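Trainee: Hi, have you got a few minutes to go through a model with me? I'd like to see how the chains and domains fit together.

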Amino acid sequence: MKELKLMKGNEAIAEAAIRAGADAYFGYPITPQSEVLEYLMAERPHERTGMIVLQAESEIAAINMVYGGAACGRKVMTSSSSPGISLKQEGLSYIAGSELPCLVVNVVRGGPGLGTIQPAQSDYFQAVKGGGHGDYRLIVLAPASVQEMADFVDLGFELAFRYRNPAMILTDGALGQMMEKVWLKEPKPRMTEYPEWATTGKTPDRERNIITSLELDSGRQEKFNLKLQAKYREMEEKEVRYETIECEDAEYLLVAYGTSARICQKSVQVARENGIKVGLLRPMTLFPFPKKILREMAPKLKGILSVEMSTGQMVEDVMLAVNGLVEVEHYGRMGGIIPAPDEIVSVLEEKFIKQNYYG
Amino acid sequence: MAENLKTENIISTRNLVYKKSSILTDNVMHYCPGCGHGTAHRLIAEVIEEMDIQAETIGITPVGCAVLMYNYLDIDMQEAAHGRAPALATAVKRLMPDKYVFTYQGDGDLAAIGTAETIHACNRGEDFTIFFINNGIYGMTGGQMAPTTIPNMKSSTSPYGRDVEMMGNPLKITELVAQLPGTYYVTRQAVHTAGAVRRAKKAIRKAFENQSLKKGLSLVEIVSNCNSGWKMEPVEANRWMEENMFQYYPPGDIKVDGKILST
């Protein structure tokens, strides 16, 4: 049944996975997301639903366990944080190249290298541009609340299976660690029937199933690359999700996702109290990116500020979307620092409004 | 008399002593003439056929010469990233505990890049089977030094022979995993003579049968030749293997029914 609980974002992901009917979770501890594995181990999902939980010897092993499980047509997932997600990139490339569904959660921390354990949004490029080798994309979901952390687990699996493509929840340490109330969905039963491509043992009524990303013939490989691209175009057509806040009369637009978007929501309020007409576009899918709505809004705007906890990554997609129709600027904080609402308003004034007075 | 020698009289079911396994496909194998992979594939296929477990078997192929194994066996197969087959097999077996799951890996795949996955799958006692083809060289990439290349053995990246002072020692990973409590059956075989083939097939069968006991991982190493990589004629390669590889990697059972055999 549906339940209201107070939970950490990481715990909400874990509980949502059990309720989404996941067949297995494979993970390796890393701050700030170890609660996912800890919660699952404490919860004994094997007794609740038959779901398997295994602590792997490395992030590499974990993603390859996901690969093996996904190849059997099962709902499988892993979670990690930035350095661990880097280790998973090879596996993700194989999973995308073999057209398998799975869910990967990245509770982002600051980098590069070992970086910091504090929240950041500096893995945007890695998440939305492919990450590993070869031309592929992940479906990337960006929750901005503990509620969405839970809801996007089910949505991620649904999209992953619909497109036979890995899906990623790109969140950060702040959302992973913060506690909020969350409505947990009624549990779904685990699947009992598996897709026809799954390697479940070759029965006499069908040809053998082979899961591979290898193609030695150039012509066939190119054809496969084009097939993947067609799939990604279809996602761009059908799966874009976003939220607009106070955009109807907006002269300036903030674009932000996840934790940054929560702060920007307050910035919109502060700016409007100061008489500046600001709106917020919050992408909920980072791939596919809400290009179309940005392009539609662009001619009516005097400026767009992309706010990210990074040195400026999503801002490139915003620029590509508006293609010069309006000026786009970036504001970011790094190292685990979350910008304050009035700080963002000051930057907006600095970059667009004051400049207009004197310029 | 002449009547008996007619082809149609000779090729008859009555005279059939050997046939291709129904688990082998009609695809022409890409392996070099003289290579042991073809024989190892055939033995695995025969065991699957004889145990009647085609519908229950899932195989994981490596990166290396056997990457295309899925073209030759008529069973469901997954192609892993280099060295990661035991991780895939772990998930497959845990999600479908009643299936027969095996990996088929070369020495570079299993004992170099995939060492962690190999050791941890063995140590967890995963109930699948690893077939480990050890020819002491990276065959597919053109004969580079492998973790199992024996001392003084020449390869394209040890052109003057493996200098253990500089390049380190060969890794006896089979003896190593036999020490782990999670392995139930660890054996070293070969497929270069009729006798070796018979023994290897028995080992393969035992390794598959062990899966239903759920007592841990079975690993069958097959010391094999790589005549192309070793730059030898097939017959010479097999002789060299017996005289040199077997010194370092002696064939025989190492651990049976969970007990290490005294040497």
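Mentor: Happy to. One definition before we start: two strands pair if DSSP finds at least two bridges between them. Keep in mind, too, that this is a predicted model.

Trainee: Okay, so which strand of chain A is joined to E2(B)?

Mentor: That is strand E9, residues 210-211 of chain A; two bridges link it to E2(B), and the strands run parallel.

Trainee: And what is the bridge partner of Ile211(A) in E2(B)?

Mentor: Gln78(B) is the partner of Ile211(A) there.

Trainee: How many residues does each chain bring to the contact?

Mentor: Chain B brings 29 residues and chain A brings 32. On the chain B side, strand E1 (57-61), strand E2 (76-79), helix H3 (85-95) and helix H5 (115-124) each supply at least two residues. H3(B) has the largest share of that side, with eight residues.

Trainee: What sort of residues are on that side of chain B?

Mentor: The side of chain B that touches chain A has 16 nonpolar, five polar and eight charged residues.

Trainee: Staying with H3(B), at what angle do H3(B) and H5(B) cross?

Mentor: Roughly 35°, and their axes come within 7 Å. H3(B) contributes Pro86(B), Ala87(B), Ala89(B) and Thr90(B), while H5(B) contributes Glu117(B), Thr118(B) and Ala121(B). Sorted by class, that helix contact has four nonpolar, two polar and one charged residues.

Trainee: Let's zoom out. How many helices and strands does chain B have?

Mentor: Chain B has 10 helices and 10 strands. Its radius of gyration is 19 Å, close to the 18 Å from the globule rule for 263 residues, so chain B is as compact as a globular protein of that length.

Trainee: What share of chain B counts as buried?

Mentor: 52% of the 263 residues of chain B. Also, among contacts in chain B with a separation of 6 or more, 68% are between residues 24 or more positions apart.

Trainee: New topic: what domains does the assignment give for chain A?

Mentor: Domain 1 covers 3-193 + 225-238, and domain 2 covers 243-358. The centres of these two domains of chain A are 27 Å apart, taken over C-alpha atoms.

Trainee: How many residues of each are in contact?

Mentor: In chain A, 26 residues of domain 1 touch 22 residues of domain 2. H7(A) gives the most to the domain 1 side, with four residues. That side of domain 1 of chain A divides into 17 nonpolar, six polar and three charged residues.

Definitions and conventions: Residues are numbered from 1 along each chain as its sequence is written. Chains are lettered from A and ligands numbered from 1 in the order in which they are written. This is a predicted model: local features need pLDDT of at least 70, side-chain atom pairs count only at pLDDT 80 or more; totals for chains, interfaces and linings use all residues. Domain bounds come from an automatic or database domain assignment. Two residues are in contact if their C-beta atoms, placed from the backbone, lie within 7 Å. Ala, Val, Leu, Ile, Met, Phe, Trp, Tyr, Cys and Pro count as nonpolar, Asp, Glu, Lys and Arg as charged, and the others, Gly among them, as polar. Axes are lines fitted to C-alpha atoms, for helices over the stretch in contact, and angles run from 0 to 180 degrees between N-to-C directions. The radius of gyration is taken over C-alpha atoms; the globule rule is 2.2 Å times the number of residues to the power 0.38. A residue is buried if 20 or more other C-beta atoms lie within 10 Å of its own, exposed if 12 or fewer, and partly exposed in between; C-beta atoms are placed from the backbone.
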